[in-house]
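Please look through the sequence and the structure shown here, and then follow the paragraphs below, which lead from the ligand outward.

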Amino acid sequence: MASAAKITLVTGANGMVGSRIVARLQDSGAAVVGVGRGPRRAAGNFEYVDLDLRVPEKLAELIGSLRPSGVIHAAAMTDVDACEKDPLEAWLLNVRAVEAAALACRGLSARLTALSTDYVFDGEKGDYAEDDAPNPRGVYARTKRAGEEAALLLAPDVALCRVAVIYSGYQILRRTFASSAAESLRKGQPVKAFLDQVVTPTLADNAAEMVIGVHRSGAQGIFHCAGASAVTRVEFCRALARKLGADEALVEPVRLADLRLPAPRPLRSSLRTDKVRRLLGDGVPLPLDLALDRFLEEGRA
Ligand SMILES: NC(=O)c1ccc[n+]([C@@H]2O[C@H](COP(=O)([O-])OP(=O)(O)OC[C@H]3O[C@@H](n4cnc5c(N)ncnc54)[C@H](OP(=O)(O)O)[C@@H]3O)[C@@H](O)[C@H]2O)c1
């Protein structure tokens, strides 16, 4: 194994963003240890540790024994409706595991980069900058916000990367709104999409690029690592239909409230990406058109 001082430990290694972080770090020649739940599903030949983060002490122990130079914490309970039904598990994953990572990093003077969400905002304003005041609604949002505070207060060398509406073309990963929509559009089947939710959809691989950039920069504080285009889900699906040569009329607009979902969702939670552009370069957060090209390429790989 590489010298501990150079290891980057990545949680959520089987997840949409975490798996791309691991892949990109490996491609750059970095020493990576990936932490996931159950058997490894992510591609790559990295060292993998199976660890259930509902016992956060185990993460602290692992960090303490590996002594990595940095931790990128991408694991979370991300199903917002499941969080609403099980606040205890959401608290363990989205708060206690972040707290454990932050305290362990504090003990080693290691850098912590933790992932968070646009859902920390209530969605009444939209176009949120990093210094806008959060007002989370619902269990997922409130636990993610509490996790942000744990990271910011406890880790002395810390960055928080907020991402939004993640999608990915990589097949091994769980299906996203975008992959289901692409499949239906290709078959000529209708796709229901919200007309009243404005978001900044983020390609998982592009999020990974930004998260690694922020992590390596050593910059402190909050960074919005989202896609560059703020769109409704209807606009997203119509853009996807155009890329696929499918009929845009297959996209059926629906209102968020019509679905009566258990967890509240912000209506306008788009994130400004000016700060991460200043840090990493103007073209790094991808506009929707380029992100959709990469999404479709990923699906063909
Ligand atoms: N997905 C989105 O749309 C979205 C939007 C905004 C912010 N975010 C944030 O972005 C980050 C990355 O999420 P993602 O998009 O990559 O979602 P994801 O694919 O659901 O990844 C989350 C990972 O956490 C792992 N995990 C869950 N419970 C665990 C447990 N008990 N023990 C160990 N690992 C566990 C999951 O394991 P399994 O693979 O085994 O389930 C999964 O690999 C999270 O902080 C999330 O809150 C995501």
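In this predicted model, helix α1 (16–27) and strand β5 (111–117) each supply at least two residues of the shell around the ligand. The greatest contribution to that shell is made by α1, which gives three residues. Altogether the ligand is surrounded by 27 residues, and the closest are Gly15, Arg37, Ala75, Ala76 and Thr117. If these surroundings are sorted by class, the shell has 13 nonpolar residues, eight polar residues and six charged residues.

From the ligand we can turn to the nonpolar interior. The largest nonpolar core has 95 residues, and of these Ala101 and Val211 touch the most other members. Helix α4 (residues 87–108) provides the largest share of this core, namely ten residues. For Val211, once its neighbours within four places in sequence are left aside, the contacts are Ile21, Ile72, Thr113, Leu115, Cys161 and Cys225.

The next stop is a single helix, α10, which runs over residues 288–300. This helix has 13 residues and spans 19 Å from its first C-alpha to its last, close to the 18 Å expected at 1.5 Å a residue. Within α10, the residues Leu288, Ala291, Leu292 and Phe295 are buried. Seen down the helix axis, the buried residues of α10 fall within an arc of 100°, and therefore they line one face of the helix. On the other side of α10, by contrast, Asp289, Glu297 and Arg300 are exposed. The elements that cover the buried residues of α10 include the helices α6 (177–187), α7 (204–217) and α8 (233–244), together with the strands β7 (166–167), β10 (202–203) and β12 (231–232).

Finally, two arginines in loops deserve a look at their backbone angles. Arg67, placed in the loop between α2 (56–66) and β4 (70–73), has a phi near 50°, which is a positive value in a residue other than glycine. Is Arg67 buried, exposed or partly exposed? Arg67 counts as partly exposed because it has 15 C-beta neighbours inside 10 Å, a number that lies between the limit of 12 or fewer for exposed residues and that of 20 or more for buried ones. Arg260, found in the loop between β13 (251–254) and α9 (274–280), also is not a glycine and has a positive phi, of about 45°. Since Arg260 has 6 C-beta neighbours inside 10 Å, this residue counts as exposed.

Methods: Residues numbered from 1 in each chain as written. Predicted model: local features only at pLDDT ≥ 70, side-chain atom pairs only at ≥ 80, totals over all residues. Near = placed C-beta within 6 Å. Helix = DSSP H or I, 4+ residues; strand = E, 2+ residues; numbered from the N terminus. Nonpolar A, V, L, I, M, F, W, Y, C, P; charged D, E, K, R; others polar. Expected span 1.5 Å × (residues − 1). Arc of directions from axis to C-beta. Contact = placed C-beta atoms within 7 Å. Core = buried A, V, L, I, M, F, W, Y, C linked by C-beta atoms within 7 Å.
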